[in-house]
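This report concerns the packing of a single protein model. The sequence and structure are shown here for reference.

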Amino acid sequence: MTKNEIYKAISDYHWMIKVLINSRLEYKSISQSFVAKTGIESVMPNGKGSHSDPIYQEMLRLEKYENKNKNIREKVEFVQQHMKYIKHERDNIILNSILCGTPMREIAEELDTTIGAVQKRKEVIAKIMYQSQNDKKSQ
């Protein structure tokens, strides 16, 4: 990932993780297509152009789920794997606050600093993650 992609992934982490959690819950929930129909519905034909096989329908749904979330999952995993390279305590506080979705203004107020200083530290965090990625590749 580039520095800008890492910077954006850090900013977007809070909503990306929510998407993955919601998708996982949907994935694990019991699909309506597997619920057995009873009574007259069980013998009625499906509408024209639809597949009646519930396994096929579920496989299509799962395939869409996997394709949709693959990129998001890779970004989230990258941030999670490279958080350990952030050693400075203040940077860890900033990173964790951003990952939780805390606005920059609140982070700045909490740390008694300016929004610009928080953004600068965020750039430093992205740079550290970028360098750790390159160090990992060279080993």
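The text below treats the nonpolar core, one helix, and selected side-chain contacts.

The coordinates are those of a predicted model. Its largest nonpolar core holds 23 residues, of which Ile-10, Val-79, Ile-94, Leu-95, Ile-125 and Met-129 touch the most other members. Two or more residues each are given to this core by helices H1 (3-28), H2 (54-82), H3 (89-99), H4 (104-110) and H5 (115-138). H1 supplies the largest share, six residues. In soluble globular proteins, nonpolar side chains tend to be buried together.

Helix H2 comprises 29 residues, and its span from first to last C-alpha is 41 Å, close to the 42 Å expected at 1.5 Å a residue. A bend of about 45 degrees occurs in H2 at Asn-69. Asn-69 is also among the buried residues of H2, as are Glu-58, Tyr-65, Val-79 and His-82.

Two buried residues and their contacts, leaving aside residues up to four places away in sequence, are compared below.

| Residue | Contacts |
|---|---|
| Val-79 | Ala-9, Ile-10, Tyr-13, Leu-99, Met-129 |
| Asp-91 | Ile-86, Arg-121, Val-124, Ile-125 |

Asp-91 belongs to helix H3. Why does Asp-91 count as buried? Its relative accessible area is 2%, and the cut-off for buried is under 20%, so Asp-91 falls in the buried class.

As to aromatic rings, a search of the whole structure finds zero aromatic pairs. Tyr-7 nevertheless has a charged partner: Lys-122 lies over the face of its ring, at 4.1 Å from the ring centre.

Terms used
Residues numbered from 1 in each chain as written. Predicted model: local features only at pLDDT ≥ 70, side-chain atom pairs only at ≥ 80, totals over all residues. Heavy atoms only, no water. Core = buried A, V, L, I, M, F, W, Y, C linked by side-chain atoms within 4.5 Å. Buried < 20%, exposed > 50% of the residue type's maximum accessible area, 1.4 Å probe, protein only. Helix = DSSP H or I, 4+ residues; strand = E, 2+ residues; numbered from the N terminus. Contact = heavy atoms within 4.5 Å. Phe/Tyr/Trp six-rings, centres within 6.5 Å; stacked < 30°, edge-to-face > 60°. Lys NZ or Arg CZ within 6 Å of the ring centre and 35° of its normal. Expected span 1.5 Å × (residues − 1). Bend = angle between axes of the 7 residues up to and from the residue.
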